[in-house]
Amino acid sequence: MKKLAILTACLLAVFAVGCEDDDEEGGGSGVTGTWNGSGFYDAGVQLNDFTMVLTQDGDAVSGSYDITRPNRHMAGSVSGSNNGGTLDLTLTPNGTVNGTVDGDTMTIEWWESGFDGRVEGGEAHLTLTRQ
């Protein structure tokens, strides 16, 4: 009986260690943290600095962004979702982001829009890393 109790305690300890909450801690497919990277528009214009500071609660993602490209600086708020590593975000007032996150690497497509909602810069492709 004593051996069964020890075995049960060991199994419970192993199970508890393996059950972490990835979304809340920012590991796995969670996106909590500061993300920074660069990329290019389809037309070849470089995006020098693309930063998002994100918080994830369940699937909901919120935060802020700061983007620099030649002759333009953009900043605003982020809202949307991360569903199992698939991102669907709105950057208010500057467009939408779709992409994926794998650990500390985020690969995204950003469709830049102006204040009236029309596409201005076109589609951009970026890779961000968690800082």
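Two strands are taken to pair if DSSP finds at least two bridges between them, and in this predicted model one such pairing places Leu87 opposite Gly99 in β6.

**Figure 1. Overview of the predicted chain, with its two helices and eight strands.** Read from the N terminus, the elements of the protein chain follow the order α-α-β-β-β-β-β-β-β-β. The chain has 131 residues, of which 31% count as buried, and it exposes about 7300 Å², with carbon and sulfur atoms supplying 56% of that area. Among the contacts in the protein chain with a separation of 6 or more, 35% are accounted for by residues 24 or more positions apart.

**Figure 2. Confidence along the chain, from helix α2 to strand β5.** The pLDDT averages 81 over the protein chain, and 72% of the residues score at least 70. Confidence is lowest in helix α2 (residues 22-25), where the mean is 41, and highest in strand β5 (residues 86-92), where it is 96. The pLDDT is below 50 over residues 10-27, a stretch that has 14 contacts in the model beyond near neighbours in sequence. Where pLDDT is low, the predicted coordinates should not be read in detail.

**Figure 3. Strand β5 and the alternation of its side chains.** The side chains of Leu87, Leu89 and Leu91 point to one face of β5 and are buried, whereas those of Thr86, Asp88, Thr90 and Thr92 point to the other face and are not buried. This is also the strand in which the confidence of the protein chain is highest.

**Figure 4. The partners of β5, strand β4 and strand β6.** Strand β4 (residues 72-83) pairs with β5 in the antiparallel sense over seven bridges, and within this view Asn83 stands opposite Thr86 in β5. The hairpin of β4 and β5 has two residues between the strands, and in this hairpin Gly84 takes a positive phi near 65 degrees. The pairing of β5 with strand β6 (residues 95-102) is likewise antiparallel and runs over six bridges, with Leu87 of β5 standing opposite Gly99 in β6. Here, too, a hairpin makes the connection, joining β5 to β6 through two residues.

**Figure 5. The aromatic pair of Tyr41 and Trp110.** A search of the whole structure finds two aromatic pairs, and in one of them the rings of Tyr41 and Trp110 are tilted, at 6.0 Å centre to centre and with 40 degrees between the planes. This pair links distant parts of the chain, since Tyr41 lies in strand β1 (residues 33-41) and Trp110 in strand β7 (residues 105-113), 69 residues apart. Tyr41 counts as buried because its relative accessibility is 5%, and Trp110 counts as buried because its relative accessibility is 0%, the cut-off for this class being under 20% relative accessible area.

**Figure 6. The aromatic pair of Phe50 and Trp110.** The ring centres of Phe50 and Trp110 are 5.5 Å apart and their planes stand at 70 degrees, so the pair is edge-to-face, a class that requires planes over 60 degrees apart. Distant parts of the chain are again linked, with Phe50 in strand β2 (residues 46-57) and Trp110 in strand β7, 60 residues apart. Phe50 has a relative accessible area of 0% and is therefore buried. Taken together, the ring pairs link Tyr41, Phe50 and Trp110 into a cluster.

Methods: Residues are numbered from 1 along each chain as its sequence is written. This is a predicted model: local features need pLDDT of at least 70, side-chain atom pairs count only at pLDDT 80 or more; totals for chains, interfaces and linings use all residues. Side-chain values use heavy atoms; hydrogens and water are left out. Rings of Phe, Tyr and Trp (its six-membered ring) pair if their centres lie within 6.5 Å; planes under 30 degrees apart count as stacked, over 60 as edge-to-face and the rest as tilted. Helices (H or I, at least four residues) and strands (E, at least two) are DSSP runs, numbered from the N terminus. Buried means under 20% relative accessible area, exposed over 50%, partly exposed in between (1.4 Å probe, protein chains only). pLDDT is the predictor's confidence in each residue, from 0 to 100. Contact means heavy atoms within 4.5 Å. Accessible areas come from the Shrake-Rupley method with a 1.4 Å probe; for residues, only the protein chains shown count as cover.
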